[in-house]
Each structure stands twice: as structure tokens, then as C-alpha cells.
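Please look through the sequence and the model shown here before reading on, keeping in mind that the model is predicted.

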Amino acid sequence: DSFQFSYNTGYQNVPKERSTGSFVQINNELLNRSVSTNILDRLDGVTSGLIFNKNKVGGMNQSDITIRGRSTLYANPNPLIVLDNYPYEGDLSNINPNDIESIDILKDASATAIYGSRGANGVVIITTKKGAADRKTVVNYNGYVGYQKATNQVPMANAYQYSVLFNELARMTGGTNFLDSSKFGTGTNWFDQVLRNAIITNHQVSVTGGSEKNTYNFSLGYLSQQGILKTNDYTRYTANLSNDMQINKNIKAGYTVIGNFNNSDNAPGGIWHALYAAPPVLPVKFADGVTYGDPGYYGLGSAVSNPQATLDYNNSVSRGYNFTGNAYVDVRFLSHFDFKTTISGVYGESESKNYVPVYKATSTQQNAVSNLGISRGENRSWIAENTLTYTNTFATNHRVTILAGQHAEWNNYNFISASA
């Protein structure tokens with residue numbers, strides 16, 4: 001049998017030679033050229049037309065993706081993400097890239113028409129790994145340990161240079177506060193104080209195989225990633241279970257369940273600006289080893305702060321979990337007809353907590369009343385689909401495919417926040 005390349009368009013696979021829209025398929029081999037823990041990083045540079053807006057938060061990527069540029073000024077410009085035939089609105093960084101078999105990118109209107117207005121910005125279809133028929137059980141382990149670090153850091157003035165510049169500015173603006181440059185040498189390197197070489201640990205175990213009529217795939221994944229900013233950490237657990245059964249020659253059934261749990265210690269807001277603006281003349285702590293270096297002591301103003309104090313009094317955590325599942329029955333009858341019914345659902349929750357205690361670190365970094373803020377979001381949804389496909393070939397080269405379908409969808413999202 002010859003191999004036939006086809007694209008997944010959502011409700012059917014279209015052979016490459018019969019496709020009229022703009023499609024791109026990225027297979028598992030291309031995805032595995034990178035060991036990044038974020039699937040969007042693995043897509044970067046693999047194909048044309050994909051544009052990424054990356055934001056490094058403590059060394060961890062938060063990315064947005066657009067296809068062929070931004071198509072709207074005010075609405076969401078991101079494409080529709082479909083995970084195993086279910087619209088996925090979660091964070092793609094919570095999906096284990098090692099669980100993905102292929103990604104189909106639908107770029108133009110003809111390719112995305114089946115999804116209606118939701119596909120106006122393009123569609124990214126993610127298909128996870130399945131078992132293989134007539135294959136013995138295979139147990140596979142994939143893991144690595146690495147680290148990430150800040151590179152190409154901006155050269156900053158040392159304490160002596162800073163004091164000289166500070167005094168020059170004071171003279172030009174008529175200031176009365178001057179620093180004694182002779183008392184300063186190298187001073188504090190705030191990059192070295194606040195940043196670190198961050199360890200990444202990733203492990204995955206999978207079991208896959210199948211018989212003539214039954215295939216299965218099961219995997220568990222664990223990721224521990226430190227941010228390059230001290231105290232910023234991310235942990236992710238993933239699970240993937242799929243099973244397909246050929247009940248008889250005309251009936252096939254199966255299911256897929258994908259789950260993830262994530263937990264993160266978040267970076268404080270504004271920390272990167274504070275890091276760049278922190279004066280090198282400011283010590284982390286004074287000679288007593290207890291009192292934080294205070295910009296007010298040197299008359300440096302309220303625009304600068306002690307980044308170490310910001311980190312030490314930061315208490316911000318997030319956690320979340322998400323389960324996506326679907327089950328289907330596919331029935332072939334009367335030679336040319338195929339009826340498929342699918343039920344899919346999502347069950348997820350996310351929560352963030354932020355606590356600010358009573359403290360006084362410096363003259364500008366203090367809080368007189370403690371505050372606790374909690375926000376929680378819950379997502380519940382399901383989709384029921386029924387499709388009937390008629391396929392026939394006439395006079396050898398004339399092929400007709402007619403697809404009719406019914407789609408029902410229910411979504412419920414609750415969000416609550418409180419502070420005291």
C-alpha cells in the first residue's frame with residue numbers, strides 16, 4: 001500500500017492532492033526537533049505565516065499566536081485552537097508537547113469555512129497520539145534536565161559611575177542632594193542578586209500498542225521549571241489516555257481523555273522595571289544584615305526601590321486543572337455512508353491568590369494593612385455532534401463527498417474574586 005498524505009480539516013481528512021485551501025501539517029518529527037516545554041516555542045520557525053508575540057515572565061514563555069498577521073483591531077486576533085476535535089480555550093503551555101502527534105494549520109477562508117466565524121483568524125488543529133494496530137506494547141520514557149539563564153544582559157553602571165552621573169544630574173537641575181563618589185566602588189549588581197541559573201526537569205512515561213481491533217495509548221508527564229527570576233517557579237502534571245475499538249467491520253468506537261494540573265509561584269508585578277532602575281549604590285541590606293537598603297537613605301527619590309525587598313514580600317500563587325475528553329461511535333453502512341456521533345466536554349478550574357502582609361522594608365516599600373486577594377474561574381462545557389457523510393467514486397476519476405452535520409454546544413463559565 002502506498003502512503004497517502006492528508007490534512008485534518010476538522011470533520012474529515014482531505015488528501016493533499018484534492019485540497020484546495022491553504023493547509024500546513026507539522027508532524028511529530030518536526031515538533032521533536034526542539035525540547036522546549038511550550039508547544040508554541042516548538043512551532044516557532046517551523047512554518048511560514050505564524051507570528052508569535054512572546055512575553056517572558058520570570059523566564060517562562062507566555063505566547064500569543066496569529067496566522068498571517070493581525071486581522072482585527074479590537075477583537076481577539078488569535079486563531080481557533082481545536083484539541084482532538086474540541087475547541088480549546090485554555091493555556092497551550094499546559095499541554096505536554098510530547099503527547100502531540102501532529103498539528104494542522106488552516107490558514108485561509110476556504111480551509112476554515114467549516115468552523116464559521118470562530119475560524120476567521122485561522123484554525124490550529126492539534127491531534128494527540130494514539131495507539132497503533134497490531135503492535136506489541138511499548139513502554140517509552142522521555143526525560144531531560146537542563147537550565148536556562150539570562151543572556152545578553154544590558155551593561156549597567158556600577159556604584160561609582162552611578163554616583164558620578166547622579167551628581168552631574170543634580171548640578172544640571174539645581175539639586176541639593178549629592179553622593180560622595182569616593183565611598184562607592186562596584187556596588188550591588190542587581191542582576192546577579194535577583195536572577196539565577198534556572199533548572200528545568202521534564203519526564204514522561206508512555207505505554208502504547210494495540211491488537212487488530214483495539215489500540216491504546218497512555219502517558220503521564222511531569223515538568224518542574226524554575227524561572228530565571230528567583231522565587232518564580234512552575235510545575236505541571238499531564239495525563240493522556242486514548243482507546244479505539246473496532247467492534248466489527250462496520251462499527252468503530254473510542255475515547256480520549258486529556259488532563260493537566262499546574263501550579264506556579266508568580267513573579268511580582270513591575271519587578272523587571274524595578275530591577276533595571278535599582279541603583280547600584282543601594283546595598284541589598286545594610287551592615288546589620290537585617291535592614292533593607294533604603295533609597296530614601298541616599299535621597300534617591302521614590303521612583304526607585306529595593307528589588308530584593310519586593311521579592312521577599314511577594315506572595316502570589318496560581319493553580320489550575322483542566323480535563324478535556326471525547327467519546328465517539330462511527331458506523332459505516334450501505335457501502336457509501338458513514339455516520340459518526342461524538343460527545344465532548346471540558347471541566348476546568350483556575351485559582352489565584354495574592355497576599356500582602358503588614359511590613360515596612362524601606363521608606364517607599366511598606367504596607368500598613370494586610371490584604372488577601374483571591375480569584376477563581378470555573379469552566380464547564382460540552383459539545384454533541386452528529387455527522388453523516390456520503391462518499392462515492394464514479395467513472396474511476398470522479399469522486400463525490402457530501403457531509404451533513406448537527407452541532408449542539410453548551411458553555412458555562414463562572415468567575416468570582418474577593419479581597420479583604
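The paragraphs below go from the nonpolar cores to two loop residues and then to a group of paired strands.

In soluble globular proteins, nonpolar side chains tend to be buried together. In this predicted model, the largest nonpolar core has 20 residues, and those with the most contacts inside it are L92, I103 and I126. The elements that give two or more residues to this core are the strands β3 (23–27), β5 (60–67), β6, β8 (100–106) and β9, together with the helix α2 (39–43). Apart from this core lies another one, of 19 residues, among them V194, L195, L275 and L282.

Returning to I126, one finds that, when residues up to four places away in sequence are not counted, I126 touches I81, V82, L83, D84, L92, I100, S102 and I103. One of these contacts, D84, deserves a second look, since D84 has a positive phi of about 50° although it is not a glycine. The residue D84 is placed in the loop between β6 (80–83) and β7 (86–87), and because its relative accessible area is 8%, under the limit of 20%, D84 counts as buried.

A positive phi also occurs at D134, where the angle is about 55° although D134 is not a glycine. This residue belongs to the loop between β9 (123–128) and β10 (135–148). Is D134 buried or exposed? With a relative accessible area of 63%, which is over the limit of 50%, D134 is exposed.

Further along the chain, strand β16 (residues 337–356) holds E349, and this residue is buried, with a relative accessible area of 13%. Which side chain makes a polar contact with the side chain of E349? The partner is the side chain of R319, at 3.3 Å. Leaving aside residues up to four places away in sequence, E349 touches R319, G320, Y321, R376, G377, E378 and R380.

The strand that holds E349, β16, pairs with strand β19 (residues 371–394) in the antiparallel sense over 20 bridges, and D338 stands opposite T389 in β19. On β19 there is also a pairing with strand β20 (residues 398–419), again antiparallel, over 22 bridges. The bridge partner of R380 in β20 is N412, and R380 is one of the residues that E349 touches. Between β19 and β20 the hairpin has three residues, and in this hairpin A395 takes a positive phi near 50°.

Terms used. Residues are numbered from 1 along each chain as its sequence is written. This is a predicted model: local features need pLDDT of at least 70, side-chain atom pairs count only at pLDDT 80 or more; totals for chains, interfaces and linings use all residues. Side-chain values use heavy atoms; hydrogens and water are left out. Helices (H or I, at least four residues) and strands (E, at least two) are DSSP runs, numbered from the N terminus. Buried means under 20% relative accessible area, exposed over 50%, partly exposed in between (1.4 Å probe, protein chains only). A polar contact is a pair of N or O atoms within 3.5 Å; within protein, one must be able to donate a hydrogen and the other to accept it, and residues adjacent in sequence count only if both atoms are side-chain atoms. Contact means heavy atoms within 4.5 Å. Two strands pair if DSSP finds at least two bridges between them. A nonpolar core is a set of buried Ala, Val, Leu, Ile, Met, Phe, Trp, Tyr and Cys residues joined through side-chain atoms within 4.5 Å.
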